[in-house]
Amino acid sequence: MKKQFMTPLIVFGLLVVLLVVGLIKAKYIRDVPSPLIGKAVPQFSIPTVENQQQLFNSDELKGQVSLVNIWASWCVSCRAEHKLLNIMANSGVKIYGINYKDELTDARRWLSAFGNPYIKSAHDFTGRAGIDWGVYGTPETFVIDKKGLIRYKHTGPLYQDDMENKILPLIKELRAES
Amino acid sequence: MIPEIGNFSLIIALAVSIILAGLPLIGAQKNNLQLMQFSRYAVVTQFFLILVSFIALAYSFSIDDFSVLYVASNSNSALPMIYKISAVWGAHEGSLLLWLLILSSWTMAVAFFSKGLPLSMSSRVLAVMGLISIGFLLFIIFTSNPFERLFPAPMDGKDLNPLLQDFGLAIHPPMLYMGYVGFSVVFSITIAGLISGQLDSAWARWSRPWTVIAWLFLTLGIALGSWWAYYELGWGGWWFWDPVENASFMPWLIGTALLHSLIVTEKRGAFKSWTVLLSLMAFSLSLLGTFLVRSGVLVSVHAFASDPTRGSFILAFLVLVIGGSLMLYAIRGPSMSGGGNFNLFSKDTFMLLGNILLTVACAMVLLGTLYPLLDQMIDLGKLSVGEPYFNAVFVPIMLPALVIMSMAPLMRWKGDSFANVARKLLLPVIIAFFIGVGLLFIDKGSVMVSVSVALASLIFMSVITSFILRLRNKGNIGAAFKKIPLSFYGMNLAHTGVAIFIIGVTFTESMSLQKDLRMETGDTISLGGYSFTFEGAKSRQGPNYTAFEGAVSVMNPAGEPVAILKPQKRIYPVRGMPMTEAGIDAGLFRDLFVALAEQLDNGAWSLRIYYKPFIRWIWLGCIFMALGGLLAITDRRYRFNAVPGKAVPA
């Protein structure tokens, strides 16, 4: 009978466990670079959002410096960084997308509404490729070098600062590499 | 020098808060009058110290003192003065200072309007509020100090985030915080009641006006945020189920449940433990919201300042405040006496049902918000928790709540007969039914549209019925009108607001039209019967931005000119950030919304054009709800100096 008064406390206890784990993970993910840094991009071959008959193969990422951006139409933060992606695409940065756990029609509508900065976007409906890429949450942005190695990972939306001080200088540097 | 004064007075405020939290509590326990009376002085001192520090920060902004790190990161010499002031709360550190200032203002209000309360009670309430302010002062001083200096001082500041350079957003945080922090009053009253074991109908009556004020500010704050998102983000949407929006919506849902539950507890003495729990939850959810927004555990568009160290601090604070209060609830709860008996079919039961639905809705929003955290702990498989999830769980819970809302006000306390209620509701149900059926046949009508609008009309008819019932058989109608208490008007105004809101949401969501297209100068398209002609775009210079301003002339179906919309695409050079300013022609029944998307070749632009029917009703509904709250607290029965324990004549 008296147990009913304990329930809120117990529920709150569980919530705290969840928040502590979330906090530790958030710290970990920010402080420790992704284990994928310096490794080759995970292999995948997935139909694109633009055309389901056409495949986006991870081998295409070799031979040029490019960005891989994980996005979804349901992700509000993705909208925040989308303008920056459009700007970078216009200035000649090669951006590929991985559309994460999204409905095809939603994704297409999104691209037509906000502009499509991507050369192509893989339609990762099940999130299978996302697991290989170690996706923690959308959006995430990876910088890939000419050899197809992941050189940098940015978690969360890109802001002006990140673009100017990290992404663009790194792209310049990587383009200079042979 | 000025920033140091600000910093120093924060530190003194901390010392005063410690005294405020400590001495009166001891005094109340030992029944020492002097110690208890001390709290009022401490409250006033604390308020002025925090005010000094707030003014010091605002002053540093107004004179462009870029040697202060916070000013340098959030202001610029070219920033217009009004935004220099609103920049005080434009980022993490300053918004916490605003939080604190509002908390101490609420504490002052409690100190001055609590003369009718027993001294032991009021000093306990003030002490609990003092405890909360200690937490926030420590947080500001040690992890988020806005007075930190920057050496060498930069020539100019990095400018305020252009998203925040807007009038709506300048007043949105203060409103919202008034709501969040306002719940700390009910929280403190309840904690004081739990400590002293005095949770009677006086406790409920005393809590009600504070709850309603906090709730009405929160309502306005959320509505302002939604309005801002609509015209500033350029997506034409009004709600995104973003974690930060959810953080403000959860306390609102619980606050709404609480203010209804308090009515039952005051009038009938029932649901006491439930009301206590809700009043603890309303503030706890406000704190949880702060944690989610500030700690960076969830990625959000609003996460302008997230930092895991701050996160650990707030989490520890959460555990102390929420855990502590729930512990107190677990210990003291069982001794709370249950209230009067009531039948299954009664106003009491229906109020409880409505409450439960609101709480379940809140739990669903919480689950959806925290889902990304759960998902990384245990892989739950594919479930995208964006809008589709929230709409799918939220709407089915809210529909029965609307039915309850139209019934409960017409029911009797304690017990009522079905036949009696059915008789009162017969006409409203018939009218609502025909409205619903009629809506099935209009263009783009659907079951969802017809059900929602029918329910909204049912609520509205129920409001009218309740007035008719009040005035019937009263002879002199004029005199009978005068006898109706203000709180009755308040309730009905707020309920009408809900009906207006539902209609706004239904039509906006189901009948909006949208076109994204490329337009060259002179091109004309039609949307929703209106024709839009693009007259070209030219560049313009603002005080701290450059812009392309387009001109789109609009003609209505009859071919008469309606408006010339001037959407802008701005670049703020300091941050290099592009911003969209939509051109909107607002109307009671429809908005026409044009945004410039991208500049294309030779003078062509891609434009987004929206036709949004009834969207104003969404915010109008919120204003009605807030006004209803305002009327309710002006009712004489809830004057703050009402003596508790004694029956107060209406």
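# Working through a two-chain model

Right after helix 2 of chain B, B:D64 adopts a positive phi of about 55°. Keep in mind that this is a predicted model. Let's start with what comes before B:D64.

**Exercise 1. Walk through helix 2 of chain B: which residue caps its N-terminal end, and what span does the helix reach from its first C-alpha to its last?**

Step 1: Begin in the loop between helix 1 (2–30) and helix 2 of chain B, where you'll find B:N31. B:N31 isn't a glycine, yet its phi is positive, about 60°.

Step 2: Move on to B:N32, which caps the N-terminal end of helix 2 of chain B. One of its side-chain oxygens sits 3.0 Å from the backbone nitrogen of B:Q34.

Step 3: Now check the span. Helix 2 of chain B covers residues 33–62, so 30 residues, and the expected span is 1.5 Å times one less than that number. That gives an expected 44 Å, and the helix reaches 45 Å, close to that value.

Step 4: Leave the helix, and you meet B:D64 with its positive phi of about 55°.

**Exercise 2. Sort out the five-stranded sheet of chain A: what is the strand order, and which strands stand at the edges?**

Step 1: List the elements. Chain A has five helices and seven strands, running α-β-β-β-α-β-α-β-α-β-β-α from the N terminus.

Step 2: Read the order. The sheet is open, with mixed pairing, and its five strands go 5-4-3-6-7.

Step 3: Pick out the edges. Strand 5 (121–124) and strand 7 (150–155) of chain A each have a single partner strand, so each has one side without a neighbour in the sheet. On average, neighbouring strands here are turned by 15° against each other, ignoring direction.

Step 4: Zoom in on one pair. Strand 4 (residues 94–100) and strand 5 of chain A run parallel and share four bridges. In strand 5 of chain A, A:S121 stands opposite A:G97.

Step 5: Add the helices. Helix 5 (residues 160–176) of chain A packs on the sheet, where it touches strands 3, 6 and 7 of chain A, and its direction makes about 170° with that of strand 7 of chain A. Helix 2 (residues 76–90) of chain A lies across strand 3 (66–71), strand 4 and strand 6 (140–144) of chain A, at about 160° to strand 3 of chain A.

**Exercise 3. Try the four-stranded sheet of chain B: what is its order, and which helix packs on it?**

Step 1: The order is 1-10-9-8, in an open sheet with antiparallel pairing. Strand 1 (513–519) and strand 8 (583–585) of chain B are the edge strands.

Step 2: Seven bridges link strand 1 of chain B to strand 10 (residues 605–613) of chain B. For B:D516, the bridge partner in strand 10 of chain B is B:R608.

Step 3: The helix you want is helix 17 (residues 486–511) of chain B, which touches strand 1 and strand 10 of chain B. Its direction makes about 140° with that of strand 10 of chain B.

**Exercise 4. Hunt for local details in chain B: which peptide bond is cis, and which ring has the charged end of B:R470 over it?**

Step 1: The cis bond goes from B:F151 to B:P152, with omega near -5°. B:P152 belongs to the loop between helix 6 (119–143) and helix 7 (167–196) of chain B.

Step 2: The ring is that of B:F488, with the charged end of B:R470 4.1 Å from its centre.

Methods. Residues are numbered from 1 along each chain as its sequence is written. Chains are lettered from A and ligands numbered from 1 in the order in which they are written. This is a predicted model: local features need pLDDT of at least 70, side-chain atom pairs count only at pLDDT 80 or more; totals for chains, interfaces and linings use all residues. Side-chain values use heavy atoms; hydrogens and water are left out. Helices (H or I, at least four residues) and strands (E, at least two) are DSSP runs, numbered from the N terminus. A polar contact is a pair of N or O atoms within 3.5 Å; within protein, one must be able to donate a hydrogen and the other to accept it, and residues adjacent in sequence count only if both atoms are side-chain atoms. Two strands pair if DSSP finds at least two bridges between them. Axes are lines fitted to C-alpha atoms, for helices over the stretch in contact, and angles run from 0 to 180 degrees between N-to-C directions. Contact means heavy atoms within 4.5 Å. A charge sits over a ring if NZ of Lys or CZ of Arg is within 6 Å of the ring centre and within 35 degrees of the ring normal.
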